[in-house]
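I opened this entry to look up how the ligand is held. My notes are below the structure.

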Amino acid sequence: MTVYGVGLGPGEPDLLTLRGKRTLEAADVVYSPGRLSRTVATHHVPDSRIGDLDFPMTSDPEKLRAAWRDAAAEVAPRARDGDVAFATLGDPNVYSTFGHLRRTLDAFHPDIDVQTVPGVSAVSAFTTALGVEVDAGAGLALREAAQGASPTGPDRMILFKVTDAPATHEGLVDAGYDVTYGRRLYMEQGDTTVTRDPAEIADRDYYTLAYAERDTLQKDRATAFDDTEVAGDA
Ligand SMILES: C[S@@+](CC[C@H](N)C(=O)[O-])C[C@H]1O[C@@H](n2cnc3c(N)ncnc32)[C@H](O)[C@@H]1O
């Protein structure tokens, strides 16, 4: 049988894919690693089929490795008897805890079949929420901006874990970026905010991302726009 990593989407229950929903409904047990993802999962499966996995709030690599070994040891026997789902917000293969579980299962329980059901990631949801068009050929880098960090370099970046927006903003503006922030996009819990003012989201909220674009970036004009006409008119 199989362990399915299921992407729940950004938070609103109707942004789960049909395949994700079918997989959750058919699983014998559904594990979900956080309070919010568990709330989304319980829209689709009864509490009685939600399993418990404990994860310590630590960045100590040894404690984390031990926690993932324990999680894999809990999940593997359940997957030998039936189907297991591990449901995470967004997509399970984008900056997600599911990667730790998959690698640990591969290393310690290689007989277990592991598959993924993709989900709507914050990486794709932000475009609609923030009104950004990612056109063909645009290089878009994913970075982390926890604790006020301001990563720079690429022309366009999505920054995850923006936990101190004013500090992150200062570094980005100094480096020549325009920045838009999105908090709790397509989530049921809490208020959605889209803003260019970091003071509006100065309090810490893990579910905050930013889109940063170099202010010198050339924007494409309308496809129907004729350069020669303009040159002639000028
Ligand atoms: C560890 S990453 C998980 C990404 C997830 N696997 C995905 O595909 O969207 C967590 C970060 O993603 C961003 N994020 C995830 N969901 C979000 C949402 N609904 N609204 C705003 N930011 C979100 C936040 O920056 C958060 O700190």
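These notes go from the domains to the ligand and its contacts.

**Domains.** I am working with a predicted model. I looked up the domain assignment first. The chain is given domain 1 (2-117) and domain 2 (122-214). I then checked the contact between the two: domain 1 puts in eleven residues, and domain 2 puts in 13 residues. Over C-alpha atoms, the centres of domain 1 and domain 2 are 27 Å apart.

**Site.** Next I asked where the ligand sits. I found the ligand in the largest pocket. I also wanted to know which domains the shell draws on. Domain 1 (2-117) and domain 2 (122-214) each supply at least three residues to the shell around the ligand.

**Shell.** I counted 19 residues around the ligand. Val-94, Ser-121, Ala-122, Tyr-206 and Thr-208 are the closest. I sorted the shell by residue type and got eleven nonpolar, five polar and three charged residues.

**Polar contacts.** I went through backbone atoms within 3.5 Å of the ligand, the cut-off for a polar contact. I noted these pairs:

- Lys-161 has a backbone N or O atom 2.8 Å from an oxygen atom of the ligand.
- Leu-185 has a polar backbone atom 2.8 Å from a nitrogen atom of the ligand.
- Pro-10 places a backbone N or O atom 3.4 Å from a nitrogen atom of the ligand.

**Burial.** Last, I looked up how much of the ligand is covered. The ligand taken alone exposes 570 Å². The protein buries 94% of that area.

Key:
Residues numbered from 1 in each chain as written. Predicted model: local features only at pLDDT ≥ 70, side-chain atom pairs only at ≥ 80, totals over all residues. Heavy atoms only, no water. Near = heavy atom within 4 Å. Polar contact = N/O pair within 3.5 Å; in protein donor to acceptor, adjacent residues only side chain to side chain. Areas by Shrake-Rupley, 256 points an atom, 1.4 Å probe, with all protein chains shown as cover. 1 Å grid on protein atoms, 1.4 Å probe; cavity = no way out; pocket = protein on both sides within 12 Å on 5 of 7 lines; lining within 4 Å. Sits in = over half its atoms within 2 Å of the grid points. Nonpolar A, V, L, I, M, F, W, Y, C, P; charged D, E, K, R; others polar. Domains from an automatic or database assignment. Contact = heavy atoms within 4.5 Å.
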